[in-house]
Every structure is written in C-alpha cells, then in structure tokens.
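Work through the exercises below with the model open. Each task is followed by a stepwise solution.

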There are 2 protein chains.
Amino acid sequence: MAASVTLNDVAKAAGVSIASASRAINGLDNVTEEVRERVLAAAGKLKYVPHGAARALAMSRTNTIGVILPDIYGEFFSEIIRGIDVGARASGLHILVSGSHGDVKEAVKAARAMAGRVDGLLVMAPYADADDLSGKLPFNLPLVMMGGVGGQADLPSLVVDNYSGALEAVRHLHEQGCRRIAHIAGPESNLEAQDRLRGYLDGLKEAGLSPQVLPGDFTDGAGYAAVQTLLAQEQMPDGLFAANDMMALGATLGLREAGVSIPDDIAIIGFDDIPVTRYASPPISTLRAGVFDIGRRSLELLSALIERGSAEASASAASLIVRPELVVRASSRRR
Amino acid sequence: MAASVTLNDVAKAAGVSIASASRAINGLDNVTEEVRERVLAAAGKLKYVPHGAARALAMSRTNTIGVILPDIYGEFFSEIIRGIDVGARASGLHILVSGSHGDVKEAVKAARAMAGRVDGLLVMAPYADADDLSGKLPFNLPLVMMGGVGGQADLPSLVVDNYSGALEAVRHLHEQGCRRIAHIAGPESNLEAQDRLRGYLDGLKEAGLSPQVLPGDFTDGAGYAAVQTLLAQEQMPDGLFAANDMMALGATLGLREAGVSIPDDIAIIGFDDIPVTRYASPPISTLRAGVFDIGRRSLELLSALIERGSAEASASAASLIVRPELVVRASSRRR
DNA sequence: AACGACGCTGTAAGCGCTTACATAACACGA
DNA sequence: TCGTGTTATGTAAGCGCTTACAGCGTCGTT
C-alpha cells in the first residue's frame, strides 16, 4: 500500500535502465544530462518517492537514530528531545523515538525493535538494576548513553554530575542561613535520584545538620504531597531541596496555598533547570543540567561514532561528565 | 555495521532452512516444537536481532507511523507527542518524529523522507499557504492531519474549533466586566492563529467593543513584549486574550513585574491549556483544546485507517472537530 | 586503420526477510 | 498394498533499491 510507484516504473517511463534511473535520482555524475532530465521528469510525473526501507536495506544505512527514553512526559524530556532533534537536523538524521519504558526489559525490547531501522542508539535508562542492560543492548550498534548505566561505565555516555550538584544545592541553602534542610527524593530505583540523595546526605553531614528525606517520584504531585507531610510536622524545615524541578514546583504550590512565605520561611531549590522554573512564583532556584545540551551533545557524539566507524569505536569514546551549574533565583535568595 | 548476524546464520546454526527459522522466530504454528526450540536457542546464542528494514521491505509493513510537526519545542508539542506516543504504544506502533518545519516545502520534504519507512503519516502543518500540500503529501500513504490544512478539507483530520474558542474567550472576559479587551495574536501565517483572531474580532463586534490586536508568535517572549506595548499606552486594556498559553504566560510575567494586578486591573485568558498554566501565578484561564487527546485520537484515527485498508479509505474518513472547553482560573475570575 | 582509454549504460547480484509453492514424510482408510 | 489427506520442511521468488561489473560506442593515438 505504500508508495506504489517504484524506481523501475520511473526507469521504464524514462526509457532507461533502472541503474541509470537510480544514478540520475541520486545525483551521481556519471549520467548524461539528457538522461537525468528524462528520469527526473518521469519521476516528477509519476510522483515517485524513494522507498526508505529498500534503500536502507541496500545501503545498510538508514540516516536515522533511535532514541529510547524512560518517558516523554514533561518539560525535561521535551527539552532532551528538542536537543536531540536540533542535533539531528544538523547532521541530516531522523529520529525514531520510543518513550515510556518502565524498566530495562522494555527498553531492551524497544531497542531490539529498532535494529535495522537505525544507525545508532541514544539511550536513557536510569534504572538501578541495569547491570544486564549493557550486555543485551548493543547489537553491534553505535550507542550513546544519556545519564549513565547501572553496572559498568564502559559505554560512551553523557552523564550529569548529580552528586556534586546536590552537594552544591545543600551548600547554597546552608549559606542562605537554612539550618533544617529537607529533601524530596526521586524514585528509589532511579540512579540520578540516588546520586542526588547521596549528595544531599553528604552535604548535610558536612554542615553538621540532620537530614530529613521525603519520598517522591519526580512529579509535581509528589512535591505537593511532600509539603503536606511537612506542614503536619510540629516544626517546618527552613530549606527544601527537591530532587528535580517539577517536585520543587509542586512544593512551591503547596506552600503558597498554606501561606508559607518563600524564601523567607523556607528556601527552595530544585534540579535540572527546566523552562517552567522561570515562570513559577517565585522563580525557582535550581541546578542547571543543560538538558537541551545533553540531548544535542549526545547526538553529536553518536553521530561522530557512526561516521568514524562503528561499534568498536564506541568502546574508545570518552564519557563526558556535565557539571551542573547553580542558578539562584528568588525562591532561595535571602540576601 | 548493523546487526550482522542474520536469520540465515541462525538457520544454519540450528540446522534448519531459513524458512523454518523465520517461522519459528515469528511464532507461526506450523513448526515442530523441537525445531522451534533449536532455532530459538541458536538465535539466543548468536544474539540474533531481526533486521527491521528487511522485514519492512518484505512485508511492506513497518509498524511505524511518521509524525510531522512544525516544531517540537514547548509544552504544547510535548503534550501532542505524548498523546501520540500513548496511542502508538496501545497499537503497537513506533513513531518517527520530525520537527521544526518552517514551511510547507520542508514538511513535504520530511514526509518524502519517511516514505517507505512508515505505514502512515500524522501531519501538523498550520501554514496559510498550504494549498499545495495536500497535492504533494499523500503518496498513497494513509494520512491524518492535526489541525487542518490550508486549502481543502478533504483530508481526514482532527481540528480544534479555534474560532468558537476565541469567541468564547472574549465573551467570558466581557462577562467578567472587561470593556477594553486586547488580543495578542499568533503568527500571521498560522491558520489556527488566524481563526482565533477572527473569533476575537467577531466577539468584540458582538459586544460592541473596539478591538486592539498586538502581534505575536506564540512564544512567551512575544507575550512579554506585547505587554510592554500596552504599558506604554495612555490607557491600559482591562482584558487580554492571548492566542495561546505561552504568550499569556509571558504577558502575566510582564504585568506582574509592572505591578499590575491580575485579574483586578486586567483579566487574562490564554488558549490550549498546557500544563504550565496551572503553575503560573495566578493560574491562567484558558480554552482547553485537549492537546494530549488530539495527539492520541489522531493516532487512533490513523491506526484505524491503516488497518481498514489504505489510502482510498482515508477519503471517506470524517474529520473530527474538537470544541475547546473554557477553563476559568484565577487570572480572569473577578466574581 | 587499428587499438587502448574513457565514459555512459545496462545486467544482475545482492541487502535480510517473508511466503507461495513444491516436496517429502507420515498416517489413515480402503 | 496403494492412494489420499495432512502436516512439517525446504526452495526460491520476490520486496525496491544500490552498485560491481560487463558491454559498447567514441575518440585520440600511433
């Protein structure tokens, strides 16, 4: 049912062989100008459109890269995808996206489904149990991890230094005079969340404060819920570090509802620097992970791997570590 | 360089013909249990992964649908994509995304590049000059338009009733007591924006008010800029209808900065109901277009077209019109 | 005038897979 | 015992494209 006019039809219509037709259409130089014109004219008249799968099969090159994400919901992923898209356009690549993979198994399944349809893979799989992932994923395909894998670090990747970022967040709150700093954590099985939690705990230890960790799942609802817990306590914290911006946002909402003043009563800081932090009131301090850039740079890295050779090359590729940058906004600025 | 172990290798390793190997792997019932086991064992040992392009070529079925968007930036598109993704997962389809198409030409180019790699196309092309699009796009591929085309409406599509929505927005502001209602318009060449503008103009006429239209481009920056213009006037409007939520958001920001009270001094309403409207302060009234649903339902429609038969069927498919729903939040509620 | 070099064109062999069709094996009833 | 139906397996023909290689005029040389 797909484009039913084939190169063969064009060739016939133009009165040349299929080989010449192919050459003419692909702009090779070894065809007479006259033949080229005839072929292009025929192609135009017949509305010929090359068949991607056939071309891919013949050339074993798809000009497409697969993107595997745990989710595609929210600004964080939107930014990632945008970064990837921008990079892809620059390299003339298409992207095949697959989101919503709750665990390693699904991610692997998605990756398998992409085999033969992509030239390389960009994978984000922040699962704690991902040791087996690296064994199952690479079917000779160039691969770049976004955000690190569970087990080994032998895959080329772009990872955010979550630990340092969290540490910095805590130090910042401490400097602003906070003495009771709580943390809304991300999903327990999430590697990034784990690192941010570690950073928080070490930060509190460094400051000689006692920690309070509330569970969360990276959604605004979790931030809101966490705040309800805090409000029910006899003593509220005076500083709050949320493992990501969405939770910080939810917390802000809950606190505003309860009439708690930000940052005077409680200073808040998130993580990631998604666009919406700027529109919150007050605007939310955060650690800028450069989400967009992670997407774009991952793609560039992958693209380079694909050009350079292939799978083996990827083993040699260095992993890039992105150090997040503290962005202080009104939610934590006490002057 | 792609997955280099082929079905042939597996067949040999299992000591069967390639046909049997194919059957075993695809779970057809006409293979002995013993053969199936041998094949699966071999496939596992060799880490065989089927080659997507080859399969697609042989079956002329890709289980992938192409998505062509003018942009993939921001919550609006994020929501659309999410809706599509959810629908796609439900139908076992993959999605090939292409964003950032400034005009019809690019959109057509993207669509061509997808031919032979997808079973159908989901296209959003809100360009005013899109008359020629419908002539160039469908290369026998099932196609669903999201948001309407310029010229003809003979393509199956899911369109938002922008005109009615805008009319409703204006009526709402009028009911809240606004008498000087300004409009921040979307891009001039954008069809949706044009309809919203028409609705606004007719609404004002209906109310016997005189219109003021400020240019915009759907970005928060444009909303902010528009507000600066308004602030410079001798008399501010007391109502503001932005052609989309992002501009409403930008306007809110600008007004808050200037110390203008919302909704008392000026009531604001946007369009689309993207998630961030809820987090703004005050939360922004809007017209809920059900962006997520548009994505999901478009995909379902397309999926049905693909199953049902193909291109011809699409001619018969009705276009669905989505009527936006007024969502009143604090930014326009004067009680 | 004959010969190689050169450039355009066509033929055909795949790319990895599915699948119609042929074949073979076997069980059954007559 | 033979024919027939049934089922598992193999053979081979594509799907639409690219591309190595062969073919064949043309032209410049000697």
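**Exercise 1.** In this predicted model, determine which residues of β2(B) point one way and which the other way, and whether they are buried or exposed.

*Solution.* Step 1: B:His94, B:Leu96 and B:Ser98 point one way from β2(B). Step 2: B:Ile95 and B:Val97 point the other way. Step 3: apply the cut-off for a buried residue, 20 or more other C-beta atoms within 10 Å of its own. Five of the five residues of the strand, 94–98 of chain B, are buried, so β2(B) is largely enclosed by the rest of the structure.

**Exercise 2.** Find the strands that bridges join to β2(B), and state how they run.

*Solution.* Step 1: across the chains, strand β2 of chain A (residues 94–98) is joined to β2(B) by three bridges, and the two run antiparallel. Here A:Leu96 stands opposite B:Leu96. Step 2: within chain B, β1 (residues 64–68) is joined to β2(B) by five bridges and runs parallel to it. B:Leu96 is the bridge partner of B:Gly66. Step 3: between β1(B) and β2(B) the chain passes through helix α5 (residues 74–91), in a right-handed β-α-β crossover.

**Exercise 3.** Give the strand order of the open four-stranded sheet in chain A and identify its edges.

*Solution.* Step 1: the order is β7-β6-β8-β9, with parallel pairing. Step 2: β7 (212–214) and β9 (267–269) each have a single partner strand, so one side of each lacks a neighbour in the sheet. Step 3: neighbouring strands are turned by 20° against each other on average, direction ignored. Step 4: for β9(A), the partner is β8 (residues 239–242), joined by three bridges, with A:Leu240 opposite A:Ile268.

Key
Residues are numbered from 1 along each chain as its sequence is written. Chains are lettered from A and ligands numbered from 1 in the order in which they are written. This is a predicted model: local features need pLDDT of at least 70, side-chain atom pairs count only at pLDDT 80 or more; totals for chains, interfaces and linings use all residues. A residue is buried if 20 or more other C-beta atoms lie within 10 Å of its own, exposed if 12 or fewer, and partly exposed in between; C-beta atoms are placed from the backbone. Two strands pair if DSSP finds at least two bridges between them. A crossover is right-handed if, with the strands pointing away from the viewer, the path from the first strand over the helix to the second runs clockwise. Axes are lines fitted to C-alpha atoms, for helices over the stretch in contact, and angles run from 0 to 180 degrees between N-to-C directions.
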